[in-house]
Amino acid sequence: MGVHPLLPSRLVASGESLSDVLDRTGSPNDALPFLFKVLSIGKTLSIQVHPPAQVAEMLHAKHPDIYPVADANAKPEMIVAITKCEALIGFRPLREVAGIIAHIVPFAELLGGEVTGAIFKFCAAGKLPRRNAGDDSDQQAEALVLRQALETLSLRRDKEAVAEASKKVQALVNVDLQLKVPGVAAEAINLARRIGCEHAEDDLGVFLALLMNFVELAPGEAVFIPAGVMHAYVSGDLVECMSSSANVIRAGLTSKYRDLDNLFLSLSFDSHPPRFITPRSEPTYRLSKGSAPVSVHYDAPGNLFSVQVIRLPSTGDSIQMGPELRPSILLCTRGEGRIALSLVASKEQGEALGFGTVHCIGSRTSATITNGGDESLICYRAYQRMGCNSLAEEGGGVSDPMFCLMTLWSGTSKLRFYDNIMVPSRCHNVS
Ligand SMILES: [Zn+2]
């Protein structure tokens with residue numbers, strides 16, 4: 001959902017692209033600087049990294065067949081878990097990698113003696129007293145060894161050798177189920193088994209995954225992934241918000257082109273724990289009966305974009321959203337209700353909200369959503385947080401031409417799921 005030229009959202013009624021509507025109504029070019037997606041992950045998605053603009057341009061110029069676009073944005077992204085989710089994000093600390101290669105011999109063999117030696121040497125040195133606080137030489141040394149490991153793996157172009165190592169890992173699972181394997185290694189064995197079953201035997205991605213942080217998110221937890229950090233989503237249903245860009249280099253777990261040669265141009269080798277985003281709650285919107293917040297916001301660093309999660313438990317519950325300086329996109333994932341411009345007197349007016357409906361709320365527009373069903377109404381809204389207080393000084397934007405509500409998707413009984421909503425719409429200039 002968004003206005004990326006490769007696949008812009010469309011209005012339900014007219015089929016007009018959302019980007020054309022925003023242009024026509026005088027919104028700035030960057031009015032929607034993000035894409036909003038829902039992923040329902042059946043099998044582990046590709047291991048990938050999002051390159052910066054200059055690398056994307058170079059790749060597009062050299063290989064336009066593989067890289068059909070070069071966006072000017074890097075592509076940091078944030079995910080919010082709808083269900084329990086699993087992901088691979090960034091590199092593991094080397095001490096974890098050491099524990100894994102000690103128990104997964106085929107992986108150690110693939111890495112070779114020089115790399116495994118460097119990993120164990122680094123970990124042994126790590127037991128010495130720490131150097132000065134703030135000294136990042138350890139981190140740099142760790143990044144160098146990780147780079148060496150990835151370079152060695154990426155040079156393993158012998159598909160038969162990779163397939164053979166994969167088979168050995170699968171066999172290892174059955175043997176080691178009876179053995180006492182330490183936590184990280186046991187988790188890695190199970191992960192390799194699962195991923196190995198989902199993808200081609202000669203896909204190096206299974207082994208790349210063993211170098212990466214394995215992250216579990218409970219429903220409602222969110223993680224921010226900066227550009228340059230290797231990642232893959234393993235399982236679960238989630239919403240994803242990212243800068244409006246299609247710059248991507250795939251490294252593994254895909255039948256699409258795996259560009260191991262160019263992977264290194266954009267990759268961060270720092271091993272950091274994944275960056276969880278603490279939600280910001282809105283105390284003004286608490287229920288009278290309970291204490292659970294009705295609305296929470298997840299802000300990406302630098303206010304690149306935010307995701308608001310709204311939960312209205314009972315019939316008649318309602319909440320007002322916005323106004324924001326820029327348009328926002330609202331997705332309903334559960335329940336039934338209505339969305340109306342806040343100035344509309346009757347809640348009966350406005351548009352129907354239901355499982356899978358998507359609306360674009362115009363800039364400077366505040367909208368009210370109301371639960372009209374028997375169960376909780378749950379919506380996710382993507383927007384950019386940028387100085388909304390100035391709206392009051394500007395008169396609240398009541399006469400703004402973008403004071404409107406657009407239906408981008410009219411609902412479906414099959415919310416499981418779509419990752420690209422190529423959609424339709426009506427634009428109501430309600431006043
Ligand atoms: Zn990504």
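In the predicted model, Q48 touches H231, A232, V248, I249, R250 and A251, when residues up to four places away in sequence are not counted. Q48 itself lies in strand β2, which covers residues 47–49. A residue counts as buried if 20 or more other C-beta atoms lie within 10 Å of its own; Q48 has 22 such atoms and is therefore buried.

One of the partners of Q48 is H231, a residue of strand β7 (residues 231–243). With 23 C-beta neighbours inside 10 Å, H231 also counts as buried. Apart from neighbours within four places in sequence, the contacts of H231 are with Q48, A87, L88, I89 and I225. Both Q48 and H231 carry an annotation in the record: an unreviewed UniProt entry places the feature "binding site" at Q48, H50, E77 and H231. These positions span 184 residues in sequence, yet no two of their C-alpha atoms are more than 12.2 Å apart, so they gather at one spot.

R250, another residue touched by Q48, is also annotated. The unreviewed UniProt entry places the feature "active site" at R250. This residue is located in strand β8 (residues 249–252). R250 is buried because 21 other C-beta atoms lie within 10 Å. Its contacts, leaving aside neighbours within four places in sequence, are S46, Q48, K256, Y257, R258 and D259. Q48 is thus in contact with H231, from the "binding site" annotation, and with R250, from the "active site" annotation.

A further pairing of residues distant in sequence involves strand β1 (residues 34–41), in which V38 is found. V38 and V239 are separated by 201 residues in sequence, but their C-alpha atoms are 4.5 Å apart in space. V38 counts as buried, since 22 C-beta neighbours lie inside 10 Å. For the chain as a whole, 78% of the contacts with a separation of 6 or more are accounted for by residues 24 or more positions apart.

Strand β17 (residues 357–361) is mostly covered, with five of its five residues buried. In a regular strand the side chains alternate between the two faces of the sheet. In β17, T357, H359 and I361 point one way, V358 and C360 point the other way, and all are buried. Strand β17 pairs with strand β14 (residues 328–334) in the antiparallel sense, over four bridges. Within this pairing, L331 stands opposite V358 of β17.

Helix α7 comprises 16 residues, from 183 to 198. From its first C-alpha to its last, α7 reaches 23 Å, close to the 22 Å expected at 1.5 Å a residue. The buried residues of α7 are A188, I189, L191, A192, I195 and G196. Seen down the axis of the helix, these buried residues fall within an arc of 170°, so they line one face of α7.

Taken over the entire chain, the secondary structure amounts to 10 helices and 21 strands. Of the 431 residues in the chain, 45% count as buried.

Terms used. Residues numbered from 1 in each chain as written. Predicted model: local features only at pLDDT ≥ 70, side-chain atom pairs only at ≥ 80, totals over all residues. Helix = DSSP H or I, 4+ residues; strand = E, 2+ residues; numbered from the N terminus. Expected span 1.5 Å × (residues − 1). Buried ≥ 20, exposed ≤ 12 C-beta atoms within 10 Å, placed from the backbone. Arc of directions from axis to C-beta. UniProt positions renumbered as here; feature names shortened; annotations may be inferred. Contact = placed C-beta atoms within 7 Å. Pairing = 2+ DSSP bridges.
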